[in-house]
Amino acid sequence: MSKLNETIRNATEAAASAATAVADKAVGAARDAYDNLGEKVDGVPTGDGRIAIPGMDQEGERLARDKVENDTLVRHTAHGDISGVPDSSRAGRRTSYDVADFPKLTGREEDFRFTPLKRLKGLHADALTGPAPALTVDSDAVRVETVGRDDARIGSAGIPEDRLSANAWSSVTEATVITVPQEAEVTEPVVVDIHGTDATPAAQHLVIDAQPFSKALVVLRHHGSAVLSQNVEFRVADSANLTVVTLQEWDDDAVHASSQQARLGKAATFKHVLVSLGGDLVRVTPSTRFDAPGGSVELYGLTFVDAGQHLESRLFVDHSQPKCTSRVTYKSALQGENAHGVWVGDVLIRAIAEGTDTYELNRNLILNDGPRMDSVPNLEIETGLIAGAGHASTTGQLDDEHLYYLMSRGIPEDEARRLVVRGFLFEIIQQIGVPDIEERLREAVQDELASANY
């Protein structure tokens with residue numbers, strides 16, 4: 001019996017030794033493979049050879065784009081899923097140049113659930129037959145052309161993503177193209193004056209083409225009175241640096257819907273500063289897409305919403321390339337009965353966009369009773385191999401401690417309130433980089449505050 005036990009013990013030890021050797025060899029091979037995978041992000045391997053978690057498409061959370069209905073897997077397509085349920089992911093939203101491809105709006109759509117459709121004055125439903133606002137360009141450093149809709153540059157930066165944008169596309173017959181020449185560094189701001197004088201629903205199309213290694217600051221100043229649906233495209237080529245300041249300084253009766261889409265090349269830099277002060281209803285939807293790695297985008301926004309106004313900003317950053325960065329900072333102040341502000345920030349990090357670094361922030365001040373602010377940050381992540389991602393949103397009234405600090409030093413309460421609001425909003429104005437415009441906007445904000453009744 002003892003001999004049998006000894007034989008069993010020897011066999012067990014041999015099997016354990018063999019298993020250990022196999023395991024060590026497997027671990028060593030895995031370590032060698034890990035070390036030889038090439039480029040890494042914060043020590044984590046990237047690229048096609050990375051080690052994926054079994055059952056997942058990539059490292060990190062896989063979003064639930066598929067669902068099961070009656071034991072049947074329903075998959076989403078580019079135009080929603082086959083069951084007719086719209087896709088909640090920005091990756092699958094409908095896009096088309098033809099307005100007929102978009103169903104008529106009901107107000108229940110995700111993109112329009114905060115927008116009062118009746119106040120659009122037909123921009124979403126009617127033919128846009130009115131004259132577009134007059135457009136003039138104050139710069140000799142750029143090339144300005146009026147081209148037909150069949151020009152290859154038209155539609156190259158983005159495809160309409162909603163019925164408003166598609167209706168404008170279907171209605172225009174020509175567009176204005178402003179080209180910043182290759183390797184040109186434009187030292188003075190390029191001011192594009194857009195002046196409306198007619199309330200008939202109209203459409204307009206504008207393209208800003210920043211060619212490789214160019215650098216420019218372009219100001220889009222909207223003023224006057226208009227009912228306008230507008231498409232603006234920004235083509236930012238490889239290593240180009242483009243800053244855009246879009247000012248909505250409309251008269252009180254104006255209605256303006258503007259889709260502003262940017263497409264960035266390799267190592268391109270794009271800065272977009274949105275300021276909305278005037279108009280009855282203003283809805284601006286900036287979006288940014290990357291065509292190559294290394295791109296960087298900064299999106300800033302300031303809205304001051306008065307009684308009865310509806311000012312809406314809906315942005316989208318589509319990280320579809322590796323090693324790109326984005327920063328979003330929007331601020332709003334609201335005062336008066338039925339003042340309504342809307343901010344929706346969508347950021348999508350696709351599976352291929354490893355090494356992405358993104359953050360979006362929205363802060364809003366309610367200055368008295370009556371306003372309403374809807375703030376919705378959305379962050380959609382399809383890969384865990386990123387440098388960083390986050391978002392934040394706050395909405396509230398003035399901080400009593402800030403007011404007390406100023407009042408304890410002899411500053412009257414109404415003036416203390418104005419100082420706090422100015423400090424809150426002027427951070428965005430300072431991003432413009434044009435002293436004359438910054439000063440004019442500071443005065444406009446101060447006029448808004450002076451008219452408030454706290």
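**Two loop residues**

Is Asn 338 buried or exposed? Asn 338 is exposed, at a relative accessible area of 53%; exposed here means over 50%, buried means under 20%, and partly exposed is what falls in between, using a 1.4 Å probe and protein chains only. Asn 338 sits in the loop between β18 (325-334) and β19 (340-349), where strands are DSSP runs of E of at least two residues, numbered from the N terminus. Its phi is positive, about 60°, even though Asn 338 isn't a glycine.

Phe 213 tells a similar kind of story. This residue is in the loop between β10 (190-210) and β11 (215-236), and its phi is positive too, near 65°. Phe 213 counts as exposed, with 52% relative accessibility. For background, most residues other than glycine have a negative phi.

**The nonpolar cores**

Now for the inside. The largest nonpolar core (buried Ala, Val, Leu, Ile, Met, Phe, Trp, Tyr and Cys residues joined through side-chain atoms within 4.5 Å) has 49 residues. Leu 220, Phe 234, Leu 242, Phe 270 and Val 317 have the most contacts inside it. β11 supplies the largest share of this core, with 8 residues. Apart from it lies another core, of 30 residues, including Val 273 and Phe 426.

Take Leu 242: setting aside neighbours within four places in sequence, its contacts (heavy atoms within 4.5 Å) include Ile 208, Val 218, Phe 234 and Phe 270.

**About the model**

This is a predicted model, where local features need pLDDT of at least 70 and side-chain atom pairs count only at pLDDT 80 or more, while totals for chains, interfaces and linings use all residues. Residues are numbered from 1 along each chain as its sequence is written, and side-chain values use heavy atoms, with hydrogens and water left out.

Conventions
Helix = DSSP H or I, 4+ residues; strand = E, 2+ residues; numbered from the N terminus.
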